[in-house]
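Biologist: I am new to this structure, so please pick one helix and take me through it closely. Then follow its surroundings outward, so that I can find my way around.

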Amino acid sequence: MKKALQLASVASMIDQFNIPNIKLMISMGYQVDVVADYTNPGNISKERAKELIKKLKNLGANPIDIPIPRSMNPLKISKAYSMVKKLVVSEHYDIIHCHSPIGGVIARIAAKSERKNGTKVIYTAHGFHFYSGAPLKNWLLFYPIEKMLSRYTDILITINKEDYKRAKQKFNADRIIYLPGIGIDTKKFCKNDNGKKIRDELGLKKSDIVLLSVGELNDNKNHETVIKALSKLETIPQYVIVGRGDKKDYLQKLINDLKLDKYVKLVGFREDVIEFYKAADIFVFPSFREGLSVALMEAMASGLPVLCGKIRGNTDLIDCNGGVFFNPYKEESVKNAIKEILNMDLFRLKKHNLEKIRKFDIKIVENSMYKIYKFLEN
């Protein structure tokens, strides 16, 4: 039996990004272990993490709970490394496919000796922490680590063009490949009603213009800037934010202080996020940093015009025919972008995004991943 390991820092990354790869490996005859922190699962609930474990077992995969941290905590990293190293040495995997910055570091160092015995290592960079405009500390810390570890990487996969270009020029992986993200089931998100279910739940009228954001409530997702920009508009549209995170209380206080409680709604984590895409008119994506956002791809596949920051990854997906860019650091830029898109032909933007997202379809990505796994078998 061929053996493979899929590894990420937290269970939410497995849940949101890696199930297609796990299914693919199983279909190719691999026994697949799936390592992540299921106890502290990231931006999904512990209940959903338990359901994920059941789902993986039903698929025939073997979930293994290892507390891989998301932050640079030396003690936690050392503990996780010891556990991953022991697993890698005992199981003699044919392929190790790792994800997330710290997970990628731990897995590649742990697999260093096993590569001499034939183990192949793939690292998918879901957006390097160093990028054009990134803080200097990111470059000083993450860039040299990623460059060094590229030597112990058989295939480095990048999911946006900026990362691909930089990796091709500077890194030393055996092969560097660009893939258009993790792929998206474009048929699944096709908008087929007016979102009446969610609008009724939230007390929104059919005539209301609804802006939607989907993402964790943290500093990087930057919902704060959109909320502040809305407070400066004469006519304020409805704004719905789907997601959970440690900034919930702060954002709710900001909403209350700006007297926007009639317009801005924090609805938390939702299993039925597709219904929110159906209910929205415009998708707002104010992140400071992204690799290639699944939420943004889902919005495009749902036929939504887009307001987003002009940053790496977003520019791979959106152009002026599908939405409006803004500077995510400036409230005035966000305010002006909202005013601009509300005066545009939204149907034209919708049509363009539906057409463009086809090249990011899951079938295209799965076919490419199949070829990558087969290549490593030869």
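Modeller: Happy to! Let's begin on the outward side of helix 3, where Pro74, Leu75, Lys79 and Lys86 are exposed. Please keep in mind that this is a predicted model.

Helix 3 runs over residues 74-91, which makes 18 residues. From its first C-alpha to its last it reaches 25 Å, close to the 26 Å expected at 1.5 Å a residue. Across from the exposed residues, Ile77, Ala80, Val84, Leu87 and Val88 are buried. Looking down the axis of helix 3, you would find these buried residues within an arc of 100°, so they line one face of the helix. The general rule behind such a pattern is that an α-helix has 3.6 residues a turn, so residues three or four places apart point the same way.

What covers that buried face? The cover of the buried residues of helix 3 includes four strands and a helix: strand 1 (2-10), strand 2 (30-37), strand 3 (62-65), strand 4 and helix 4 (101-110).

Now walk along the chain from the end of helix 3. The loop between helix 3 and strand 4 holds His92. Its phi is near 50°, a positive value in a residue other than glycine. Beyond strand 4 comes another loop, the one that leads to helix 4, and there you meet Ser100. Ser100 also has a positive phi without being glycine, with a value near 70°. Is Ser100 buried or exposed? Its relative accessible area is 8%, so Ser100 is buried.

That brings us to helix 4, one of the elements covering helix 3. Of its 10 residues, 7 are buried, so helix 4 is largely enclosed by the rest of the structure. The buried ones are Ile102, Gly103, Gly104, Ile106, Ala107, Arg108 and Ala110. Among the elements that cover them are strand 1, helix 3, strand 4, strand 5 and helix 5 (136-149). Helix 3 and helix 4 thus appear in each other's cover, because helix 4 is listed over the buried residues of helix 3 and helix 3 over those of helix 4, with contact meaning heavy atoms within 4.5 Å.

Strand 5, residues 120-125, is where you will find Val121. Val121 counts as buried, at 0% relative accessibility. Leaving out residues up to four places away in sequence, Val121 touches Ile96, Cys98, Arg108, Ala111, Arg115, Tyr152, Thr153, Asp154 and Ile155. Arg108 in that list is one of the buried residues of helix 4. Val121 also lies 6.0 Å from His97, C-alpha to C-alpha, although 24 residues separate the two in sequence.

For a contrast, take Lys23, which is found in helix 1. At 44% relative accessibility, Lys23 counts as partly exposed. Between Lys23 and Arg115 there are 24 Å in space, C-alpha to C-alpha, and the two are 92 residues apart in sequence.

Strand 4, which helps to cover helix 3, also leads us to an enclosed space. How many cavities of 30 Å³ or more are there? The count comes to 2. About 130 Å³ of space lies in the largest one. Its lining has 17 residues, and those nearest its centre are Asn21, Gly181, Ile182, Val365 and Met369. Helix 1 (11-27), strand 4 (95-99) and helix 15 (362-377) are the elements that give two or more residues to this lining. By type, the lining of the largest cavity has 9 nonpolar, 7 polar and 1 charged residues.

The second largest cavity has a volume of about 50 Å³. Its lining consists of Ile198, Arg199, Leu202, Leu204, Val210, Leu212, Val240, Phe276, Ala279 and Ala280. Here the elements giving two or more residues are helix 7 (196-202), strand 8 (210-214) and helix 10 (273-279), and helix 7 has the largest share with 3 residues. This lining divides into 9 nonpolar, no polar and 1 charged.

Our last stop is Gly195, in the loop between strand 7 (175-178) and helix 7. With 2% relative accessibility, Gly195 counts as buried. Apart from its neighbours within four places in sequence, Gly195 is in contact with Lys278 and Ala279, and Ala279 is one of the residues lining the second largest cavity. Ala299 lies 14 Å from Gly195, C-alpha to C-alpha, and 104 residues from it in sequence.

Conventions:
Residues numbered from 1 in each chain as written. Predicted model: local features only at pLDDT ≥ 70, side-chain atom pairs only at ≥ 80, totals over all residues. Heavy atoms only, no water. 1 Å grid on protein atoms, 1.4 Å probe; cavity = no way out; pocket = protein on both sides within 12 Å on 5 of 7 lines; lining within 4 Å. Points joined across faces, edges and corners; volume = space filled by probe spheres on them. Nonpolar A, V, L, I, M, F, W, Y, C, P; charged D, E, K, R; others polar. Expected span 1.5 Å × (residues − 1). Buried < 20%, exposed > 50% of the residue type's maximum accessible area, 1.4 Å probe, protein only. Arc of directions from axis to C-beta.
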